[in-house]
Amino acid sequence: MVNVKKNPYEIDETVYKRFKQKDNMLFRRLWDKTLPTYNQMIDTNIENHIASKKDGYSRIDFALVAAGWTVYERFPYAFTWERKNLIDIGYGVNWMKSKYEIKNSKSFTKIIKKAAKFYGASLVGIADVNEKWIYKTGFKRPDETSEAEAKQEVREGKIADSIYNQPIDLPNGINKVIVMAIEMDEDAISTAPAQPAAAASAIIYSRMAFTISCLGEFIRNLGYRAIQCGNDTALSIPLAIDAGLGALGRNGLLLTPELGPRVRICKVFTDIPLDSDEPNEKFIRKVNHYCKNCLKCAEACETDAISKVKNHTFVPSTISNNPGVKKYYVDVEKCFEFWVENSSDCGNCIASCPFSRIRKNLTPDEFWSKI
Ligand code: SF4
Ligand code: SF4
């Protein structure tokens, strides 16, 4: 692992520890019986919402959200760490076996960034791998199993819950990470917390699966290794900050200069020679200054999950926050309570952020009417 010399964050090294993914709320609800949301899934209130006939909560809206996840859930190969079988899809395979000679890492980095954008990334940056951000333990998909299927099997007692508590160690030589942000639909996000906003998020998870799997295969076709990841394996936000994509906002999300928090992040770890980007220090300073007084996300949050304190702090809100970094902590337990009530993720803290550059807020009805 390469140590990143320049840290755009204040870290208390005596406290900071690599994160255990089982403490993420989407896994914690499976095992933490102290939570009011223990064993509650997003679907808890869906039928009541549909019966309520509220704008943005119809069966059509929920169908749009659930279908948006299709590629993410039905194509677990997207999150593979290696290509186990070299299948000839009609282009032969022998030419893929040797390492492509990279004479100039600077110009080759441009090629990788072009490929990432060609496959669907809106923004792309490169960082050295900082071991701090790699999960200590986490969820590893069994072959051909989606995250949803694995969680269902845990709930049914068919597989052990140790599946989401496995040691995460990147193979030797994997020293770069290509971090990509993909834009979420402006109109759909503007309807938050109604279901079109959740659909905007769902479809980007599927696009992430598409983008990382194509980029990973591109790298392997050149004879190098690629570890394709969504939210798994490592904390995406600090990797994205290291890769120069943006800054951490009060809402606990990556804010990018181009699209604010209206993005989802995915990444590919690799050993292909690349030049790393630097953190965008000017933008980080701008966001730090702006978030002190803005508070729009905290005011838009229906469950008071976002801190309103003026300055960054080392004090976490729950065990799902990873302590040791000075920042605004989000009470993700409260956030997830609202997700369960809302029958989806929410998006208010994305739609309300001025950096998201949303030109006009639409009602769900207006979203569906705009072709
Ligand atoms: S997603 Fe919604 S509930 Fe969660 S922090 Fe953001 S605004 Fe609050
Ligand atoms: S809404 Fe305001 S306070 Fe919240 S993340 Fe965006 S800029 Fe920062």
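**Close-up 1. Checking the length of helix H10 (281-294) in this predicted model.** Count 1.5 Å for each residue, and the 14 residues of H10 ought to span 20 Å. The C-alpha atoms at the two ends of H10 are indeed 20 Å apart, so the expected and computed spans agree. Just after the helix comes Leu295, and its phi is positive, near 65°.

**Close-up 2. The surroundings of ligand 2.** Here 13 residues surround the ligand, and the closest are Gly249, Cys291, Cys294, Cys297 and Cys353. Two elements each give two or more residues to this shell: helix H10 (281-294) and helix H11 (296-300). H10 has the largest share, with three residues. Sort the shell by class and you get eight nonpolar, three polar and two charged residues.

**Close-up 3. The surroundings of ligand 1.** Around this ligand you'll find, among others, Asn251, Cys301, Thr303, Phe338 and Asn348. Cysteines turn up here too, including Cys335, Cys346 and Cys349. Helix H12 (332-342) and helix H13 (348-351) are the elements that give two or more residues to the shell. How many nonpolar, polar and charged residues does the shell around ligand 1 have? There are nine nonpolar and three polar ones, and no charged residues.

**Close-up 4. Strand E1 (residues 123-128) and its partner, E4.** Five of the six residues of E1 are buried, so the rest of the structure largely encloses this strand. E1 pairs with strand E4 (residues 176-183) in the antiparallel sense, over six bridges. For one spot to look at, find Ile126: it stands opposite Ile178 in E4.

Technical notes:
Residues are numbered from 1 along each chain as its sequence is written. Chains are lettered from A and ligands numbered from 1 in the order in which they are written. This is a predicted model: local features need pLDDT of at least 70, side-chain atom pairs count only at pLDDT 80 or more; totals for chains, interfaces and linings use all residues. A residue is near a molecule or strand if its C-beta atom, placed from the backbone, lies within 6 Å of it. Helices (H or I, at least four residues) and strands (E, at least two) are DSSP runs, numbered from the N terminus. Ala, Val, Leu, Ile, Met, Phe, Trp, Tyr, Cys and Pro count as nonpolar, Asp, Glu, Lys and Arg as charged, and the others, Gly among them, as polar. The expected span of a helix is 1.5 Å times one less than its number of residues. A residue is buried if 20 or more other C-beta atoms lie within 10 Å of its own, exposed if 12 or fewer, and partly exposed in between; C-beta atoms are placed from the backbone. Two strands pair if DSSP finds at least two bridges between them.
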